[in-house]
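Please work through the following exercises with the sequence and the model at hand. Each task is followed by a solution in steps.

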Amino acid sequence: FFVSVLPSMVAPAKGKRPPVAGTTGAKKRKTRVWQDDDATAPLASSAPAWASLGVKKKRKVLKPKEDSDDSDSEVEVDTDGDEEKDDEEEGLEVFRTTGPMLQPSVGGRLPPHQLNFSRRRDANYASKPTVATRCVQYHPNPASELLLTSAPDHRVRLFKLGAKDHTLAQSLHCKDLQPMKCMFHPTGAKIYVHGGESACYTVDTETFQYHRVDHFIKDHKHEKCLSTFQISPDGRNLAFLNPNGLCYLVSSQTWHLSAKLKMGETLRDVAFDPDNANYMYTCGGGKVYTWDLRGTARPVTTIRDEGAFDCTRIAVSHAHVAVGSNVGIVNVYTKPAGGAFSSTAPIPLKVFKNITTEIEALQFNPDGQMLGMASRAKEAQLRLGHMGTFTVFENFPQGFLKTNVETFDFSPDRSHMAVASKQGRVQLVRFNHYCKSIRST
């Protein structure tokens, strides 16, 4: 398990600023390359630049050019006065707190029918895998501008997203583990890498020291077939799923098994209530289970998903619960007050039938105004639903997506979307409505 650090990402010495290419006195830096992955190498000689403290930067605001269809056509405008602050006051707590991102920004209502979006350069063009990118996630704090990806090539990559170019910040080589899913801790302080069995790596995002945890569920019969996992919004619990109907709740701090929940049927997905970390939703076999984690090992309510033979994905927002099925149907329900459904057969508010193959990715954007749904069975099977009118945006993806979608993620500030594909690309989509809202705040 290795980490390679780009020379350009190494923090400058204290009291010195790194030379700028093309300026007088700029010196060339030597690049240190690890020749053999099997060789013993330090994880990181020093903190990367994006994690360093005490480096002051001149703030820039990105202003798109008028009437331009080129997604990379942007003008950088320097700001000063009250806009310029020391890094000690702004941007230094990137990996220590999610406070700034938890404050809702002023964006207004998202218009329906036609989505104002543009494409950007691929996030992972600097280091694209030759196999499918199976996982993608933004760092919880938008100030970090980091994107996490993983692929079956035994590598987890961390990219630094820029206004024009994106660079590979870190690359973690997992020799004895093939990453199936990786996630940031809600605080952004850790990365969890899971490989489909009772083994997981935790990586510190500041030091990039890693730790492997084995046999944490202590169930030798089922520990080698854990399909996926999810982290609670408060970061306290990790929920690992076994497709045979078992859910294991593990403490993120001690790795002690706190609960073993039995569904009795197949289990496909799990999601936590973003407003109450004590409520968890699981789905499988055409049913949705609601769990109260405050001392019960039985579901509070069990509902039958209307028209579904097998529920494959579930997503929860502040107002809705969406359930995807193996035939491409996505049902949207009103999220019940208190988290538990009052009826065993609720009527969905909306039934999306825009995809005809199995739903394998389902997610609300941070403010709940959009619902993304995707299937990897066919090309370009990605749709965005407008939750205010329960309609699908007619012009998305509009031909730019000519590949099978593996998964996707929305940025925490709602301004972007990363789409991972079967060819390994991670395409970036910018939502201009939210970008204007961010610039105006």
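The exercises below concern a predicted model.

**Exercise 1. Cysteines**

Task: Determine how many disulfides the structure holds, and examine C174 in this respect.

Solution:
Step 1. A disulfide is a covalent bond between the sulfur atoms of two cysteines.
Step 2. The cut-off for the two sulfur atoms is 2.5 Å.
Step 3. For C174, the nearest cysteine sulfur belongs to C182 and is 8.8 Å away. C174 is therefore in no disulfide, since a disulfide requires sulfur atoms within 2.5 Å.
Step 4. The search over the structure gives zero disulfides.
Step 5. The relative accessible area of C174 is 0%, and C174 is buried.

**Exercise 2. An open sheet**

Task: State the strand order of the open sheet of four strands, and identify its edge strands.

Solution:
Step 1. The order is β9-β10-β11-β12, and the pairing is antiparallel.
Step 2. An edge strand pairs on one side only; here this holds for β9 (181–184) and β12 (210–214).
Step 3. On average, and with direction ignored, neighbouring strands of this sheet are turned by 20 degrees against each other.

**Exercise 3. Strand β10 and its two neighbours**

Task: Describe how β10 pairs with β9 and with β11, and decide whether β10 is largely enclosed or open.

Solution:
Step 1. Begin with β9. Four bridges join β9 to β10 (residues 190–194) in the antiparallel sense. M183 has Y192 of β10 as its bridge partner, and F184 has I191 of β10.
Step 2. Consider the connection. β9 and β10 form a hairpin with five residues between the strands, in which G188 takes a positive phi near 80 degrees.
Step 3. Turn to β11. Strand β11 (residues 199–204) runs antiparallel to β10 and is joined to β10 by five bridges. H194 stands opposite C200 in β11. C200 counts as buried, because its relative accessibility is 0%, and the limit for buried is under 20%.
Step 4. The hairpin of β10 and β11 has four residues between the strands; in this hairpin G196 has a positive phi near 95 degrees.
Step 5. Four of the five residues of β10 are buried, and β10 is therefore largely enclosed by the rest of the structure.

**Exercise 4. Aromatic rings**

Task: How many aromatic pairs does a search of the whole structure find, and how is the pair of F410 and F431 classified?

Solution:
Step 1. The search finds 11 aromatic pairs.
Step 2. F410 and F431 are 6.3 Å apart from centre to centre, with 35 degrees between the planes. The pair is tilted, because stacked planes are under 30 degrees apart and edge-to-face planes over 60.
Step 3. Locate the partners in the chain. F410 lies in strand β29 (residues 405–410) and F431 in strand β31 (residues 426–431). The two residues are 21 residues apart, and the pair links distant parts of the chain.
Step 4. Both partners can be assessed for burial. F410 is buried, at a relative accessible area of 4%; F431 is likewise buried, at 1%.
Step 5. One aromatic cluster is formed by Y192, F216, F229, F240 and W255.

**Exercise 5. Charges over rings**

Task: Over which rings do R121 and K350 lie?

Solution:
Step 1. R121 lies over the face of Y125, at 3.6 Å from the ring centre.
Step 2. K350 places its charged end over the ring of F352, 5.6 Å from the centre of that ring.

**Exercise 6. Two loop residues and a hairpin**

Task: Locate E360 and K402, and decide whether each is buried or exposed.

Solution:
Step 1. E360 is placed in the loop between β24 (350–352) and β25 (361–364). Its relative accessible area is 17%, so E360 is buried.
Step 2. The side chain of E360 makes a polar contact of 2.8 Å with the side chain of R376.
Step 3. The strand after this loop, β25, pairs with β26 (residues 370–374) in the antiparallel sense over four bridges. L362 stands opposite M373 in β26. The hairpin of β25 and β26 has five residues between the strands, and G368 in the turn has a positive phi of about 75 degrees.
Step 4. K402 lies in the loop between β28 (391–392) and β29. K402 counts as exposed, because its relative accessibility is 67%.
Step 5. K402 and A380 are 22 residues apart along the chain, and their C-alpha atoms are separated by 5.6 Å.

Technical notes: Residues numbered from 1 in each chain as written. Predicted model: local features only at pLDDT ≥ 70, side-chain atom pairs only at ≥ 80, totals over all residues. Heavy atoms only, no water. Buried < 20%, exposed > 50% of the residue type's maximum accessible area, 1.4 Å probe, protein only. Phe/Tyr/Trp six-rings, centres within 6.5 Å; stacked < 30°, edge-to-face > 60°. Lys NZ or Arg CZ within 6 Å of the ring centre and 35° of its normal. Pairing = 2+ DSSP bridges. Axes fitted to C-alpha atoms, helices over the stretch in contact; angles between N-to-C directions. Polar contact = N/O pair within 3.5 Å; in protein donor to acceptor, adjacent residues only side chain to side chain.
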